[in-house]
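Here are my notes on this one, as numbered points. Have the coordinates open while you read.

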Amino acid sequence: MLSRLLASSIGRSRSPGLSEPPAHTATSEAASPGAKPEDSAGNEPKGKGKGREKAPGRPSAQPSASPSASPSPSSSASPSSSASPAPSSSPWDDGLIARRVAGGEDEDDVVDLGGSAGGIGGSVEPAGEPGALYDAVYDAPLRDRLDALRELVGLSRARVDSDTLAEAGRVLDEAVARGKISGGHTVVALAGATGSGKSSLFNALAGVTISDTGLRRPTTAFPVACSWTDDAGPLLDRLGVHARLRRRPPHNPEVDARLRGLVLVDLPDHDSAAVAHREQVDRVLGLVDAVIWVVDPEKYADAVLHDRYLRPMAGHAEVMFVVLNQVDRLPGEAADQVLDDLRRLLDEDGVALGEHGEPGAAVLAVSAATGRGVGELRDALGQFVAERGAAGRRIAADVDAAAGRLRTVYAPWRQPGLREEAREEFTDRLAEAIGAAATGIAAERAWNRHAGKACGSPWLRLWRRYEEWRFPRLRRAATQSNAAEEATARQRVEQAVRWIADEAAAGLPAPWALAVREAAVRGSRGLPRALDELAADAAVPLDKPPRPGWWPAAVVSQAAMTVLQIFGGLWLVGQILGLCAPNLGVPVTLMAVGVVGGPLVEWGCKVAARGPARRYGLEAERRLRDVAAGCGRARVLDPISAELLRYAEVREQYVRVVGTTAPAARVS
């Protein structure tokens, strides 16, 4: 990296008083078998800093009473603590932030803002419904997005797991909490790595020493606030800044006018060896309106800074400053080269740079030690605060980040919904499962069969009855076949339900696809039995189909032909037995008319019955198809459509949250 190439020149440019000890990490501390617990400020135990250069004029640190005590204001920074540090000639104690143990000449230069006596646990009004200041803090488009996000979370609770919605809920709570406090303040945090000089820059911006600086690491243990206003107490309570760590710079009309409303917070090191320090940084960064990232020429390319903070917070570029401190240690054009490399890294992280009038992060080079660039940074802060839009921009960026995390939950990969062709296909499958087409064919055959019985020859009917009596096994085989068809029909219904569920879920995000499939499965329970019952009620009578008006005439005609056959036959028998006068012509003619006329009448009836039989079969099939369509719609399609409608509603809210337009889901 460029910083390594410049390391030698940086080292030569240092003054003797600026030499710093090597970075101390939690890994090396944990690896040391003789490591001891940290003191209450997160400092190293005695003996760990052997060989380090001691800051001139700095008194030795006083060890805490209990090495295992946690770093909390009540135990290490609270003025009401029963154990006070040993007196010192310096107005500061062992290096912890803003603990004055003795009066000094600068004590009157800083005003204590005070605040809730509860310290870090100060009371903050719990998030709930937006208050009166809500409309003043956020503009109308942002309020609309927040309302949409609130509705989105409410509509999704039954379909999306709580962990997925947790970040969106946190953003809503923070938006309400921030909107209840003040719209005239801008809370800006100074964050940086160990030794980056953020506390020195904090003091330079304030114009007076507020936050302790030194070579001992970590120096900053708790957030310290400097406010250019008197009514920042609720904001600092929300941030958890202890009452004794709140300051106000000395009165300066020019500076006060430019920075009126600014609340500047100096944070502990984000890479501190003390876990509690890192946790405080992460907590406060989620609450402030803007952040100034302070980097130095040696660690500006640190992977922890870029991977853990800058890259995930790339969407917050409009409320972000990136300041390269300690440029006085860079000789010649090295400062410009490091600054250009820093811009390159930010661009790779996805952080938009606010250059040439474009919105984005401001990148500045300063030196807190010499004052170089501090005025430019103060002017940039003054302009930023004067806009009174930092809180809204921060919440808008949080909403964007939450919407980005929820994209896979609400954004489909294709146009969702059920096509009309899919609905018709589902109805066809259900109709096939209950045998609608087969029933229509059976009804048509039954009509033809009854027509044949009514209009056919009596001799043929006698023959068919003989066949039924002679071959009863055909009936048993038909019964077994019906049982097999019933099992097959149940499987077809299940396959149809799975198919329509997959069609409806195609393109939906995973939670909503699962909800659609579950709705289809719930509706399919008992569907085969319901279809069988409804089909039985709607089935046309196959044993007694309706008779058309011409059937009686055909029956009378067929009966007349039969009578002629019988009469002619009896006449011939009588002549053979000598009971009648011999006359073969008349009885033979009568028998011939009956024998030929019977089949002719039967054939004519079959031709005439084709149309009515076909209509009768189609009517039977239509009735079963209607039954299948109605039952499938009520039990499967309607629940699926309800889930798609719910998804369309949340999709509409998500589009409002994102602030773009997108096609709605098809639910009809």
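**Notes on the model**

1. Let's start with strand S2 (residues 186–192): seven of its seven residues are buried, so the strand is largely enclosed by the rest of the structure. Buried here means under 20% relative accessible area, exposed means over 50%, and partly exposed is in between (1.4 Å probe, protein chains only). Helices (H or I, at least four residues) and strands (E, at least two) are DSSP runs, numbered from the N terminus.

2. A word on what you're looking at: this is a predicted model, where local features need pLDDT of at least 70 and side-chain atom pairs count only at pLDDT 80 or more, while totals for chains, interfaces and linings use all residues. Residues are numbered from 1 along each chain as its sequence is written, and side-chain values use heavy atoms, with hydrogens and water left out.

3. Back to S2 and its two sides. In a regular strand the side chains alternate between the two faces of the sheet. Here Thr186, Val188, Leu190 and Gly192 point one way, Val187, Ala189 and Ala191 point the other way, and all are buried.

4. Which strands pair with S2? Strand S5 (residues 262–266) does so in the parallel sense over five bridges, and S6 also runs parallel to S2, joined by five bridges. (Two strands pair if DSSP finds at least two bridges between them.) To find the register, look for threonine 186 opposite leucine 262 in S5, and for alanine 191 with its bridge partner tryptophan 293 in S6.

5. That tryptophan turns up again among the aromatics. The structure holds five aromatic pairs; rings of Phe, Tyr and Trp (its six-membered ring) pair if their centres lie within 6.5 Å, and planes under 30 degrees apart count as stacked, over 60 as edge-to-face and the rest as tilted. Tryptophan 293 and tyrosine 309 make a tilted pair, 5.3 Å centre to centre with 50 degrees between the planes. Tryptophan 293 lies in strand S6 (residues 290–295) and tyrosine 309 in helix H12 (residues 303–310), so this pair ties together parts that are 16 residues apart in sequence. Both residues are buried.

6. Now for tyrosine 410 and tryptophan 512: their ring centres are 6.3 Å apart and their planes are at 45 degrees, so this pair is tilted. It links distant parts of the chain, with tyrosine 410 in helix H16 (residues 407–410) and tryptophan 512 in helix H21 (residues 510–524), 102 residues apart. Tyrosine 410 and tryptophan 512 are both buried. One aromatic cluster is formed by Tyr410, Trp512, Tyr647 and Tyr654.

7. Helix H24 (residues 585–658) has a couple of residues to check. Alanine 634 is found there and counts as exposed, because its relative accessibility is 52%. Its C-alpha atom is separated by 8.3 Å from that of glycine 523, 111 residues apart along the chain. Arginine 622 is in H24 too, partly exposed at 39% relative accessibility. The C-alpha atoms of arginine 622 and alanine 437 are separated by 8.8 Å, with their positions 185 residues apart along the chain.

8. Last, the cysteines. How many disulfides does the structure hold? Zero, taking a disulfide as a pair of cysteine sulfur atoms within 2.5 Å. Cysteine 226 is buried, with a relative accessible area of 0%, and cysteine 631 counts as buried at 5% relative accessibility.
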